[in-house]
Amino acid sequence: MIGEMIKGVVGDVTKEEAKFRREQGEFGGARNTQSQVTRQQFEDYKRLTQPEEDKLLQQTTDTSIVDTALDRSTTASNVQEGITQRNIERYGSELTPAQRLELSKQQQRTRTLTDISAENFARRDQMQQNLNRLLTLGNLGVMQQNRGNQMLGIASGNEAARQNAYKQDQANARAQRANTIGTVAMLALAI
């Protein structure tokens, strides 16, 4: 009779413990929860962040500013030559052939310098814009990594707390079982 009572108490505890482990995992399902959170974060990343990163990455090789610089420079040079020609006509002055030749050389030098300057400034601006895009990409990665590390730290702390609580509960359950067995044995001896 005492043996059956002890088996009944111990058997019920082990059945409940086995059921809990099946349902929650050994330490309350923290690992399962962490894997679900990680999976969800990855799905969110693929859906929300990755398209933006891909777009920014493609834009880092953009050369549109440099490509349009020469056209803008040519337009500016043509405008300046037109202004010079209108001023000569407006004031009614006639240039000698030597003056015309010198003016033509000066305009050519100005056009060349303007083209070179425009291209150099455009390259600088393009490089700065592309570097800003790369920095934005890097910042996105750092933010995600920090958020992931923070979540892992929290999950790790929670996991450790769950494990400690589980071990403490196991020790308490053993002590309670021993106490119950002792009480049953004392009652049996008293009878």
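This passage walks through the fold, the surface and a few side-chain interactions of a predicted model.

Start with the overall layout. The protein chain holds four helices and zero strands, and reading along the sequence gives the pattern α-α-α-α. Helix α2 covers residues 30-59, helix α3 covers residues 64-90, and helix α4 runs over residues 97-190. Of the chain's 191 residues, 15% count as buried. The accessible surface adds up to about 14,300 Å², and carbon and sulfur atoms own 56% of that area. As for how the chain meets itself, take the contacts with a sequence separation of 6 or more: 85% of these come from residues 24 or more positions apart.

On the outside there is a nonpolar patch worth a look. Leu57, Met127, Leu131 and Leu134 together make a patch of about 380 Å². Helix α4 is the biggest giver here, putting in three residues. Leucine 57, also part of the patch, sits in helix α2. With a relative accessibility of 48%, leucine 57 is classed as partly exposed, because the exposed class only begins over 50%.

Glutamine 126 tells another story. This residue belongs to helix α4, and its relative accessible area is just 4%, so glutamine 126 counts as buried. What does the side chain of glutamine 126 reach at 2.8 Å? The partner is the backbone nitrogen of isoleucine 65. A polar atom of the same glutamine 126 side chain also lies 3.4 Å from the backbone nitrogen of serine 64. Both of these partners turn up again in the contact list: setting aside neighbours within four places in sequence, glutamine 126 touches Asp62, Thr63, Ser64, Ile65 and Val66. Helix α3 spans residues 64-90, so Ser64, Ile65 and Val66 fall within the range of that helix.

Now for the charged pairs. Searching the whole structure turns up nine salt bridges. One of them joins the side chains of arginine 111 and glutamate 81, with N and O 2.9 Å apart. This pair ties together distant parts of the chain, since arginine 111 is in helix α4 and glutamate 81 is in helix α3, 30 residues away. How covered are the two ends, buried or partly exposed? Arginine 111 is buried, at a relative accessible area of 17%, while glutamate 81 is partly exposed, at 24%. The cut-off for burial is 20%, so the two residues land on opposite sides of it. Once neighbours within four places in sequence are left out, the contacts of arginine 111 are Thr74, Ser77, Asn78 and Glu81. The salt-bridge partner, glutamate 81, is thus one of the residues on that list.

Another salt bridge pairs glutamate 43 with lysine 46, at 3.7 Å from N to O. Why are these two residues separated by about one helical turn? They are three residues apart in helix α2, and that spacing corresponds to about one turn. Here both ends are partly exposed: glutamate 43 has a relative accessibility of 40%, and lysine 46 has a relative accessible area of 36%.

Arginine 109 forms a salt bridge too, this time with glutamate 102, and the closest N and O atoms are 3.6 Å apart. Arginine 109 is partly exposed at 46% relative accessibility, and glutamate 102 is likewise partly exposed at 44%.

Back in helix α2, there is also arginine 47. Its relative accessibility is 54%, which means that arginine 47 counts as exposed. The arginine 47 side chain makes a polar contact with the side chain of aspartate 44, at 3.1 Å.

Pulled together, helix α4 keeps coming up. It gives the most to the nonpolar patch, it carries the buried glutamine 126, and it is home to arginine 111, whose salt bridge goes to glutamate 81.

Key. Residues are numbered from 1 along each chain as its sequence is written. This is a predicted model: local features need pLDDT of at least 70, side-chain atom pairs count only at pLDDT 80 or more; totals for chains, interfaces and linings use all residues. Side-chain values use heavy atoms; hydrogens and water are left out. Patches are made of residues with over 30% relative accessible area and no salt bridge: like charges are joined within 9 Å, nonpolar side chains (Val, Leu, Ile, Met, Phe, Trp, Tyr) within 5 Å. Accessible areas come from the Shrake-Rupley method with a 1.4 Å probe; for residues, only the protein chains shown count as cover. A salt bridge is a side-chain nitrogen of Lys or Arg within 4 Å of a carboxyl oxygen of Asp or Glu. Buried means under 20% relative accessible area, exposed over 50%, partly exposed in between (1.4 Å probe, protein chains only). Contact means heavy atoms within 4.5 Å. A polar contact is a pair of N or O atoms within 3.5 Å; within protein, one must be able to donate a hydrogen and the other to accept it, and residues adjacent in sequence count only if both atoms are side-chain atoms.
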